[in-house]
Amino acid sequence: MATQKTIAVTGASGLIGSHLLPVLLEEGYQLRVLSRRLQEYSPGIIQIQGDIRSADAVCHLMRGCNAAIHLAGVAHTSLRSQTEMDEAGHINVGGTRNVLAAAQNAGVERVLLASSAHVYAGQEGTDLEENSPTVGDSYYARTKLMVERAGLEAVSANRLAVVIVRPCLTYGPGVHFNLESLMRATQGHYYFHVRGRNPMRSFLSVGNAAAAISHLLRSGENGRIYNLADRSPQSLVEFVDSLADLMQVSRPRKLPLFAIRAAVTATVPLQWIGLSSPINHESLRKLTVSFTLDVTALASSGFRWSDDGLVTRKRMVEAYIASRE
């Protein structure tokens with residue numbers, strides 16, 4: 001990709017995107033980013049105001065670009081209403097189709113699409129390879145499978161060179177959703193370890209995510225899917241305990257599974273009156289099962305992990321605490 005000079009980026013203000021931009025700039029690329037609302041970006045970044053659902057806006061974004069990185073999407077995994085699901089479909093699936101069509105029309109040489117490890121059946125198992133069973137067991141997962149299908153169809157039709165990545169649970173400063181909730185529960189002393197269970201989980205630091213995406217844009221195999229995760233999985237207990245230590249609060253207590261199940265059952269009625277429970281049956285299941293990704297394909301591409309996650313976790317906790325003050 002020696003001729004690659006300008007990269008179009010969607011989702012540039014998201015967790016991974018905001019950490020990816022400095023990496024790309026340092027590597028000497030010119031960047032064009034799509035933003036629904038004008039943001040403050042570093043010099044050297046051209047900002048196109050528009051929505052991923054607008055074919056015209058995406059076409060404008062792609063002008064003069066050699067490659068594209070498509071990160072934009074609805075990241076919520078709990079889409080409850082039809083309105084939320086419709087929006088996720090338009091953004092995740094429709095937005096991806098806009099990107100692929102605009103890239104082809106603009107003569108873009110290569111596109112990297114972000115899918116998700118949520119496509120793996122049940123989000124459980126160990127050392128899951130890219131050809132492990134996938135299933136749309138949530139609407140979010142189904143949209144990501146459709147993203148992958150659209151990319152692979154473009155490859156099959158020889159319209160574009162496409163690389164697809166499946167990042168797992170990503171951590172770093174500015175994180176929201178699951179990890180923000182996890183830190184809140186740990187700080188509030190209502191997160192509990194399940195006694196006798198210590199599942200292994202794959203995590204992904206934003207540093208490794210940004211480095212891997214930049215690397216695969218250059219070196220990833222056309223039409224291939226890559227798991228994105230830190231080099232080695234980690235015990236869920238050790239991961240959460242490290243967050244507690246960084247927050248300078250006591251580590252979560254260990255409770256027997258039957259006691260936590262009883263607590264979950266007791267809180268279910270709260271949902272009927274619109275109150276959210278800090279734990280539910282699905283989150284309890286995730287406390288007891290392992291979910292790790294095989295990253296052999298990523299390593300075989302020549303990628304080398306530079307972030308051991310320690311500093312990134314510390315910065316994540318510091319950012320979380322600062323946001324609460």
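How much area does the protein chain expose, and what share of it do carbon and sulfur atoms supply? The protein chain exposes about 15400 Å², and carbon and sulfur atoms supply 50% of it; accessible areas come from the Shrake-Rupley method with a 1.4 Å probe, with only the protein chains shown counting as cover for residues.

Please keep in mind that this is a predicted model, where local features need pLDDT of at least 70, side-chain atom pairs count only at pLDDT 80 or more, and totals for chains, interfaces and linings use all residues. Residues are numbered from 1 along each chain as its sequence is written, and side-chain values use heavy atoms, leaving out hydrogens and water.

Here is the chain as a whole.

| Property of the protein chain | Value |
|---|---|
| Span of the C-alpha trace along its principal axes | about 60 × 40 × 40 Å |
| Share of the 325 residues that count as buried | 51% |
| Contacts between residues at least 6 apart in sequence that join residues at least 24 apart | 75% |

Buried means under 20% relative accessible area (1.4 Å probe, protein chains only), and contact means heavy atoms within 4.5 Å.

Now for the interior. A nonpolar core is a set of buried Ala, Val, Leu, Ile, Met, Phe, Trp, Tyr and Cys residues joined through side-chain atoms within 4.5 Å. In the largest one, with 40 residues, Ile7 and Ile69 touch the most other members. Helix 6 (residues 206–219) gives the most to this core, with 6 residues; helices are DSSP runs of H or I, at least four residues, numbered from the N terminus. A second, separate core has 31 residues, including Ala57 and Ile164.

Note on methods. Buried < 20%, exposed > 50% of the residue type's maximum accessible area, 1.4 Å probe, protein only. Helix = DSSP H or I, 4+ residues; strand = E, 2+ residues; numbered from the N terminus.
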